[in-house]
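Biologist: I would like a close look at a single part of this protein, followed by one connected account that places it among its surroundings. Please take the sequence and the structure below as the starting point.

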Amino acid sequence: SARDDHPWNEPLAAFIRQWMNTGRPLLGICYGHQFLAKTLAGPDHVRRCETPEFGWTDIRPDACPLLPAPVNAMVSHYDEVVNLPDVFRVMADSDRCAVHAFQYKNLPVFGVQFHPEYGPAEADFIFNEVARLDPDARQWFIGDSPDQLPDACKSVFTRFLELN
């Protein structure tokens, strides 16, 4: 959990601050999304989800440069980003998560809660591991696995790389 204290937290936060000074793009996915919010907004902006998301759900972008259109994407998280200050722009949500994507200060600094990097095979492996480690997690599983990774998910990385 990004909420936990780990020995790598301060070195990672220092790296984030140092990287941001370069002006080069930065993308945090899931844990990275949450850790970016914790580092840039503070620990009160990451909490345990009221209803965790596991499965495939519709991500609704709102003027998101990384996600051109709604997409059914893989999700797997117990924690979420909440109540971001005005220096953040929330750019996507889902039925269970109000902050699925954000941008920080109009900089090329982005976080996405969903997993654009995982296709159905990887997602099935992860979901089986989650269910094995937490038998109660099945109650939060949603959506059906697509046949392949949606093109809109793949475009997140292409669009991010074009920012560089």
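Is Cys-30 buried or exposed?

Modeller: Cys-30 is buried, with a relative accessible area of 11%. This comes from a predicted model, so a word on confidence belongs beside it: the mean pLDDT of the protein chain is 89, and 99% of its residues reach 70 or more. Within the chain, confidence is lowest in helix 4 (residues 151–162), where the mean is 85, and highest in strand 4 (residues 88–93), where it is 95.

As for the sulfur of Cys-30, the closest cysteine sulfur belongs to Cys-49 and lies 9.2 Å away, which is too far for a bond, given that a disulfide requires the two sulfur atoms to be within 2.5 Å. Cys-49 also holds the cysteine sulfur closest to that of Cys-97, and here the separation is 6.3 Å, again too far for a bond. Cys-97 counts as buried, at 1% relative accessibility. By this rule the number of disulfides comes to 0.

Turning to the helices, helix 2 spans residues 31–41, and its axis comes within 10 Å of the axis of helix 1 (residues 9–20), the two crossing at roughly 80 degrees. That angle makes helix 1 roughly perpendicular to helix 2. On the side of helix 1 the contact is made by Asn-9, Leu-12, Ala-13, Ile-16, Arg-17 and Met-20, while helix 2 contributes Tyr-31, Phe-35, Leu-36, Lys-38, Thr-39 and Leu-40. By character, the residues of this contact divide into 8 nonpolar, 2 polar and 2 charged.

Gln-34 also lies in helix 2, and at 4% relative accessibility this residue counts as buried. When its neighbours within four places in sequence are left aside, Gln-34 is in contact with Ala-2, Val-46, His-77, Asp-79, Glu-80, Val-81 and Gln-113. Ala-2, one of these partners, can also be set against Trp-56: the two are 54 residues apart in sequence, and their C-alpha atoms are 22 Å apart in space. Trp-56 is found in strand 2 (residues 46–61) and is buried, with a relative accessible area of 4%.

The loop between strand 5 (101–104) and strand 6 (109–112) holds Lys-105, and Asn-106 has its place in that loop between strand 5 and strand 6 as well. Most residues other than glycine have a negative phi. Lys-105, however, has a phi near 50 degrees, a positive value in a residue other than glycine, and Asn-106 has a positive phi of about 60 degrees although it is not a glycine either. As to accessibility, Lys-105 is partly exposed, with a relative accessible area of 46%, whereas Asn-106 counts as exposed at 68%.

A further loop, between strand 3 (71–81) and strand 4, contains Val-87, which is partly exposed, with a relative accessible area of 38%. Leaving aside its neighbours within four places in sequence, Val-87 is in contact with Gln-103, Tyr-104 and Lys-105. The C-alpha atoms of Val-87 and Asn-106 are separated by 8.2 Å, although these residues are 19 residues apart along the chain.

Terms used. Residues are numbered from 1 along each chain as its sequence is written. This is a predicted model: local features need pLDDT of at least 70, side-chain atom pairs count only at pLDDT 80 or more; totals for chains, interfaces and linings use all residues. Side-chain values use heavy atoms; hydrogens and water are left out. Axes are lines fitted to C-alpha atoms, for helices over the stretch in contact, and angles run from 0 to 180 degrees between N-to-C directions. Helices (H or I, at least four residues) and strands (E, at least two) are DSSP runs, numbered from the N terminus. Angles under 35 degrees count as roughly parallel, over 145 as roughly antiparallel, 65 to 115 as roughly perpendicular and the rest as oblique. Contact means heavy atoms within 4.5 Å. Ala, Val, Leu, Ile, Met, Phe, Trp, Tyr, Cys and Pro count as nonpolar, Asp, Glu, Lys and Arg as charged, and the others, Gly among them, as polar. Buried means under 20% relative accessible area, exposed over 50%, partly exposed in between (1.4 Å probe, protein chains only). pLDDT is the predictor's confidence in each residue, from 0 to 100.
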